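Dear colleague,

I am passing on the structure we spoke about, and below it you will find my notes on what turned up in it. Please read them with the structure open beside you.

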Amino acid sequence: MKKTISGIRGIFGDDFNLKDTLYFCSNFSSLIKSKKCVIGKDTRPSGMMIKETASAALMKNGINVYNLETVPTPVVFRESRKYGAGIVITSSHNPLEWNGIKFIINGRGINEKELPKIIENQEVLMSKIGIEEQITSSYLQDAKELIGQIQNQPEIVIDIGGGAAKEFAPNLLRQLGCKVKVINEDLDNCSRGPDPTADNLSDLVAATSEKGIGFAFDLDGDRLVVVRKGEKQTPDVTLGLGVAKALELGYKKFVFSIDTSVSVEKFIKEKGGSVQRSKVGESNVIELMLKTNAQAGGEGSSGGFILPEFNFCREGILTSGLISSMIGNSKFDEILDFMESYKQLREKIKVDSVFHDRVIDEVSRKLTKEYSEVITQDGIKGIIDEDSWVLIRKSNTEDIIRVSAESNNLDKCKKIVKNTLELVKQCYDSIR
C-alpha cells in the first residue's frame, strides 16, 4: 500500500481493502470543518463497494455526503469547492486491480502537513449520523463558459479508455462546437490500458493518421494525452499547449514541477511571463501556486495542466477543450514548433524502496563532482547546459527510481539517460 499526498493506493483485496477504507476515511473526517464532503469514483470494478464504505465512514462521524457516482476526478475537485471537502475513489492510471482514495480539502489535494492526520489514528467525537444526498455537477456548464464557443468546428477523436470521462469529455467538446468521434467508450473490449502516457494508443493513432487531433484519457479523467496526425505527443507538449492558451488569455505567472520541459519555460519567458519550480507532484505544484498567486502551471511528466481559477488539480477534460479552441490558429503551431526541437526521455529502474534514500545520497555525491550546478529541491537535478538537464528522484508510489532528462539533441539526451541509469544501478548494487 502506498500512502502519499497523492492518496492511498494499493491492489484491492491484497494490500488495500475495505477495513483500510473505513480507517483512513474516518481519520479524514477530522479535517472536514464544513461537515460536508463530495464523493465520486472512476470505473474500476471495485469502485462501488469502496465508495459505499467510504460514505459510511464519513456519515458515522457526522459528515453529510454528496454523491456524484461515476465522474472524472476534476469534477469532484470542482464540486468540493462548494462543499469544503471531497473524496475520489480512484487509482488514476494504475492497472485495474489497483484502487485507492484521493482526499480533497477546500478544492485542493491534501498537503504534507495533513497527510499524517489521515494515516495516523484520530479521535473523532461522536455526533449525529450524517446524511447522503445524490447531486449533479455544473462542471460542463462552468467549463463551457470559461472556454467559449469554438467557431471552426474542428474534428476530434476521443479515446475514453473505458474511464470516467465518458459522459463529460465528448459532451463538453460537442457543446463547444466540435465534431467528435468516440472510441474505447467502455472497459469491456477496451483496446488499451488505463495509462494513456504508457500505452501506444494504436486505435487513436490510426483514427487520426490522415488529419485531425485526438485526446486520450486515463480512468479518472485527470490525465490527458494528445495525438496529432497519427503521432502521439509527449506529456510536456500537452502541458505546453495548455500554457499557450493561458498566455493567449493574458496569464503571466506560472508554476511547474522541477521535471517539466525547459522549452515550456523558455516559451513563457519569451512572451514576458515568469516561472517558478516546485517539487514533483500535483499537490506540490498547487501548494506553490497558492503561495505565489500563480495563474497557471502544471506537471510535464503527466501532461497535467492546472488552471487555479477553475480547479486545483490536473485538468484533462478542461484542457482538451482549451486545446480544441486553438486548433487552426497560429498559437497552436507556434508552441508545437518551439517544443519540437527539445527531446524529453523518462525512464525508471527497479530499486527496493528501503534503499531509495541511500541510493539517492550516493548518486548525489557523485553527480556533485560531475556537474557545475546540482539542485536538490526534489531528488537530484543536474544542470548540464542551458538546454540539457537530468533529474533522479525516488518514486513515492513504487519500488523504482525515476530518471528524467532533456536536451535539444536526441542522441545527447539518450546518452545522458543511459549513463545516469548505469550510475544508479552501480550505486544500488554497491549499497546492497
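Contact, in what follows, means heavy atoms within 4.5 Å. Please also keep in mind throughout that this is a predicted model.

With that meaning of contact, I begin with two helices, α6 and α11, where A169, L172, L173 and L176 in α6 meet I317, S320, G321 and S324 in α11. By class, this contact of α6 with α11 holds five nonpolar and three polar residues, and no charged ones. Helix α6 covers residues 169-176 and helix α11 covers residues 316-324, and their axes come within 10 Å of each other while crossing at roughly 30°. Since angles under 35 degrees count as roughly parallel, α6 is therefore described as roughly parallel to α11. The crossing of these two helices, α6 and α11, is right-handed.

One of the α11 residues just named, I317, returns in the surroundings of a proline, P72, which is placed in the loop between β4 (64-70) and α3 (73-83). Leaving aside neighbours within four places in sequence, P72 is in contact with A164, A165, F168, D220, G221 and I317. Is P72 buried or exposed? Its relative accessibility is 0%, and P72 therefore counts as buried, the cut-off for buried being under 20% relative accessible area. By way of a distance, the C-alpha atoms of P72 and G148 are 21 Å apart in space, and the two residues are 76 apart in sequence. F168, which is among the residues that P72 touches, also belongs to an aromatic cluster, formed by Y139, F168 and F310.

That brings me to the aromatic rings in general, for which a search of the whole structure finds nine pairs. One of them is formed by F267 and F338, with 5.4 Å from centre to centre and 65° between the planes, and this pair is edge-to-face. The pair links distant parts of the chain, as F267 is in helix α9 (residues 262-270) and F338 is in helix α12, 71 residues apart. F267 has a relative accessible area of 3% and is therefore buried. Not counting residues up to four places away in sequence, F338 touches S263, K266, F267 and E270. For K266, which is 72 residues from F338 along the chain, the separation between the C-alpha atoms of the two is 9.3 Å.

Helix α12, in which F338 lies, also packs against another helix. It covers residues 330-340, and its partner α8 covers residues 235-248; the two pack at an angle of about 135°, with their axes 9 Å apart. At that angle α8 and α12 are therefore oblique to each other, and α8 passes α12 in a right-handed crossing. Which residues make the contact? On the α8 side they are D236, V237, G240, L241, A244 and E248, and on the α12 side K331, F332, I335, L336 and M339. Sorted by class, the residues of this contact of α8 with α12 are seven nonpolar, one polar and three charged.

A further helix, α10 (residues 282-292), is mostly covered, with eight of its 11 residues buried. Those buried residues are E282, S283, N284, V285, I286, L288, M289 and T292. What do they pack against? The buried residues of α10 pack against the strands β6 (98-105), β7 (108-109), β14 (253-257), β15 (274-278), β16 (296-299) and β17 (304-306). Just after α10 comes N293, which takes a positive phi of about 55°.

That last value leads to my final topic, the backbone. Most residues other than glycine have a negative phi. Two further residues with positive values are worth looking up in the model. K35, in the loop between α1 (18-29) and β3 (36-41), has a phi near 65°, a positive value in a residue other than glycine. L201, in the loop between β10 (179-183) and α7 (202-207), has a positive phi of about 50° although this residue is not a glycine. As to their surroundings, K35 is partly exposed, with a relative accessible area of 42%, whereas L201, at 1% relative accessibility, counts as buried.

With best wishes

Technical notes. Residues numbered from 1 in each chain as written. Predicted model: local features only at pLDDT ≥ 70, side-chain atom pairs only at ≥ 80, totals over all residues. Heavy atoms only, no water. Axes fitted to C-alpha atoms, helices over the stretch in contact; angles between N-to-C directions. Helix = DSSP H or I, 4+ residues; strand = E, 2+ residues; numbered from the N terminus. Parallel < 35°, antiparallel > 145°, perpendicular 65-115°, else oblique. Left-handed = near helix turned anticlockwise from the far one by under 90°. Nonpolar A, V, L, I, M, F, W, Y, C, P; charged D, E, K, R; others polar. Phe/Tyr/Trp six-rings, centres within 6.5 Å; stacked < 30°, edge-to-face > 60°. Buried < 20%, exposed > 50% of the residue type's maximum accessible area, 1.4 Å probe, protein only.
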